[in-house]
Amino acid sequence: MKVIVCSDNFFFANGISALLNQAGHKTWNFFYHSGNPFSEKEDNELVIIIDTNERKPLRHLFASLDKRTLRVFFITDDLSEQHESHHSFQGVIPRKITAAALLDKLAESTAGVRPMEFLLTNQQRKVLQYLIRGVTPGVIARIMNISVKTVSAHKRKVMMNFGLKKMNARSLHCMADFIYKSLLVSEHINRQKHPQFISRPLY
């Protein structure tokens, strides 16, 4: 397995790279080792472990790998450690995971982050985006020309899909970051399927 570790935490990045190397996997520490050791001509799948909120480096990384097949995982500690989540949603790995469990998760051929369109409908994404901006359900209902009851139903569905027991400032912040990273995955898949696809900055 070939793994790109994308973490701006020096100790975490080097620790997980050492673990993967010891397990026989070839790794590239994106933030702390310059130069991509993986040939662009290779068709092998790459696994990316993302543990950073830095957006520009992520966009640069995905742009440089636009022809490669990727499986992407996000590392998190905000939701899982606070016990606000019923279960981890697909592609998200808690930071306090055992080495054996981490290797097992990475080895699953179907594991990894799914594009946002598979996680939420267009209406659910719109409701979530307004909630992240601090807009109240009543105002969201007027903007989207739907009932407050429908807004609440979309909110409940979002919470269920993300495994959340409650939606507070911390969980909204985590979901905003998750959405941004997931959209990078969607962009990457669209570029693969449609070479003429033009990506737009996600700021």
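**A walk outward from R71**

Let's start with one residue: R71 sits in strand β4, which covers residues 70-76. Keep in mind as you look around that this is a predicted model.

Is R71 buried or exposed? Its relative accessibility is 8%, and since buried means under 20%, R71 counts as buried. The rest of the strand tells a similar story, with 7 of the 7 residues of β4 buried. Try following the side chains along the strand. L70, V72, F74 and T76 point one way, while R71, F73 and I75 point the other way, and all of them are buried.

So what does R71 touch in there? Setting aside neighbours within four places in sequence, R71 is in contact with E45, L46, V47, I48, K105, L106, E108, S109 and A111. Two of these residues offer backbone oxygens to look for. A polar atom of the R71 side chain lies 2.7 Å from the backbone oxygen of E108, and the R71 side chain also reaches the backbone oxygen of A111, at 3.3 Å.

Now for the charged partner. Here's a bit of background: side chains of opposite charge can pair when their charged atoms come close. The side chain of R71 meets that of E45 in a salt bridge, with 2.9 Å from N to O. E45 belongs to the loop between β2 (26-29) and β3, whereas R71 belongs to strand β4, so this pair ties together parts that are 26 residues apart in sequence. The two partners don't share the same surroundings: E45, at 35% relative accessibility, counts as partly exposed, while R71, at 8%, counts as buried.

How many salt bridges does the structure hold? There are 2 of them. The other one to find joins D51 and R95, whose closest N and O atoms are 2.8 Å apart. D51 lies in strand β3 and R95 in the loop between β5 and α4 (99-107), so this pair ties together parts that are 44 residues apart in sequence. At 8% relative accessibility, D51 counts as buried, and R95, at 27%, counts as partly exposed.

Let's go back to β4 and see which strands lie beside it. Strands of a sheet pair through backbone hydrogen bonds, either parallel or antiparallel. Strand β3 (residues 46-51) pairs with β4 in the parallel sense over 5 bridges. To line the two up by eye, look for I48, which stands opposite V72 in β4, and I49, which stands opposite F73 in β4. β4 also pairs with strand β5 (residues 92-94), again in the parallel sense, over 3 bridges. There, F74 stands opposite V92 in β5.

How does the chain get from one strand to its partner? Take β3 and β4, which pair in the parallel sense. The chain leaves β3, passes through helix α2 (residues 55-64) and arrives at β4, making a right-handed β-α-β crossover.

Finally, zoom out to the whole sheet. It is an open sheet of 5 strands with parallel pairing, in the order β2-β1-β3-β4-β5. Which strands sit at the edges? They are β2 and β5, each of which pairs on one side only. Neighbouring strands of this sheet are turned by 25° against each other on average, direction ignored. In that order you can spot our starting strand, β4, between β3 and β5, with R71 in it.

Note on methods. Residues are numbered from 1 along each chain as its sequence is written. This is a predicted model: local features need pLDDT of at least 70, side-chain atom pairs count only at pLDDT 80 or more; totals for chains, interfaces and linings use all residues. Side-chain values use heavy atoms; hydrogens and water are left out. Helices (H or I, at least four residues) and strands (E, at least two) are DSSP runs, numbered from the N terminus. Buried means under 20% relative accessible area, exposed over 50%, partly exposed in between (1.4 Å probe, protein chains only). A polar contact is a pair of N or O atoms within 3.5 Å; within protein, one must be able to donate a hydrogen and the other to accept it, and residues adjacent in sequence count only if both atoms are side-chain atoms. Contact means heavy atoms within 4.5 Å. Two strands pair if DSSP finds at least two bridges between them. A crossover is right-handed if, with the strands pointing away from the viewer, the path from the first strand over the helix to the second runs clockwise. A salt bridge is a side-chain nitrogen of Lys or Arg within 4 Å of a carboxyl oxygen of Asp or Glu. Axes are lines fitted to C-alpha atoms, for helices over the stretch in contact, and angles run from 0 to 180 degrees between N-to-C directions.
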